[in-house]
Amino acid sequence: MADKTSGIVAGETHGLYKADGDDKALHFGLYVKGQLTSVISCFEDQDEMQFRKFATLIDRQNQGFGTCLLNYIIDEARRRGVKRLWCSARSDKCGFYEKLGLATTGNRFVRDRMEYVTMEMRFSRDFGSNP
Ligand SMILES: CC(C)(COP(=O)(O)OP(=O)(O)OC[C@H]1O[C@@H](n2cnc3c(N)ncnc32)[C@H](O)[C@@H]1OP(=O)(O)O)[C@@H](O)C(=O)NCCC(=O)NCCS
């Protein structure tokens, strides 16, 4: 992404879907040629960070933008010194997160008829992230 209007920026959340704690969350957007293409919101609580509202525009999916943004968030979590980065993943998305190094936990639940599983990445103070 070499042009001036592409990259990852931190900003405020927009749109219809508001979540509790939005005002205190960190909201990131990945822009491609001026178009907001992928978004993610991070909610920090003591030494943990949860990411939510992760999405890429439908016609831009499977082009590597989500991976790029999530890798940025993994680095951001490491920079902030959190011990654990986690999310409630749709069960059908586990493979995507596993490729990026998140591990499936035993915590599964159903919300709005959709099955979710908690996925996490734990960071070691001495050696960066695991794995
Ligand atoms: C999840 C999401 C944000 C990923 O964004 P994206 O920009 O498409 O991500 P990328 O293009 O970087 O990665 C897609 C890759 O994951 C793979 N992938 C997608 N779904 C997968 C799954 N269920 N299991 C394994 N791999 C999967 C794709 O094949 C692709 O692989 P490749 O990089 O080897 O070609 C996007 O699919 C999305 O917005 N989905 C709708 C909202 C949503 O489900 N959010 C997450 C809720 S848990």
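Trainee: How do the residues of the shell around the ligand divide into nonpolar, polar and charged?

Mentor: They divide into 5 nonpolar, 9 polar and 3 charged. Here Ala, Val, Leu, Ile, Met, Phe, Trp, Tyr, Cys and Pro count as nonpolar, Asp, Glu, Lys and Arg as charged, and the others, Gly among them, as polar. Bear in mind that this is a predicted model: local features need pLDDT of at least 70, side-chain atom pairs count only at pLDDT 80 or more, and totals for chains, interfaces and linings use all residues. Residues are numbered from 1 along each chain as its sequence is written.

Trainee: What makes a residue part of that group, and which residues come nearest to the ligand?

Mentor: A residue is near a molecule or strand if its C-beta atom, placed from the backbone, lies within 6 Å of it. There are 17 residues around the ligand, and Thr56, Gln61, Gly66, Thr67 and Gly95 come nearest. Strand 4 (48–56), helix 1 (65–80), strand 5 (84–90) and helix 2 (94–99) each supply at least two residues of the shell.

Trainee: What makes a stretch a helix or a strand, and how many of each does the chain have?

Mentor: Helices (H or I, at least four residues) and strands (E, at least two) are DSSP runs, numbered from the N terminus. The chain has 2 helices and 8 strands, in the pattern β-β-β-β-α-β-α-β-β-β along the sequence.

Trainee: How do you know whether the span of helix 1 is close to the expected one?

Mentor: The expected span is 1.5 Å times one less than the number of residues. Helix 1 has 16 residues, for which 22 Å is expected, and its 23 Å from first C-alpha to last is close to that.

Trainee: Why are the buried residues of helix 1 said to line one face?

Mentor: Those buried residues are Gly66, Leu69, Leu70, Ile73 and Ala77. Seen down the axis, they fall within an arc of 95 degrees, so they line one face of the helix. The arc is that of the directions from the helix axis to the C-beta atoms. On the face turned away from the buried side sit the exposed residues Asp75 and Arg79.

Trainee: Why is Asn62 called exposed, and Lys53 partly exposed?

Mentor: A residue is buried if 20 or more other C-beta atoms, placed from the backbone, lie within 10 Å of its own, exposed if 12 or fewer, and partly exposed in between. Asn62, in the loop between strand 4 and helix 1, has 8 such atoms and is therefore exposed. Lys53, in strand 4, has 17, so Lys53 is partly exposed.

Trainee: What else is worth noticing about the phi of Lys53 and of Asn62?

Mentor: Most residues other than glycine have a negative phi. Lys53, however, has a positive phi near 55 degrees, and Asn62 has a positive phi of about 60 degrees.

Trainee: Why is Lys93 called partly exposed?

Mentor: Lys93 has 15 C-beta neighbours inside 10 Å, which falls between the two cut-offs, so the residue counts as partly exposed. Lys93 lies in the loop between strand 5 and helix 2. Its C-alpha is 9.1 Å from that of Tyr116, 23 residues away along the chain.

Trainee: And why is Asp22 called partly exposed?

Mentor: Asp22 has 15 other C-beta atoms within 10 Å, so Asp22 is partly exposed. You will find Asp22 in the loop between strand 1 (7–11) and strand 2 (26–32).
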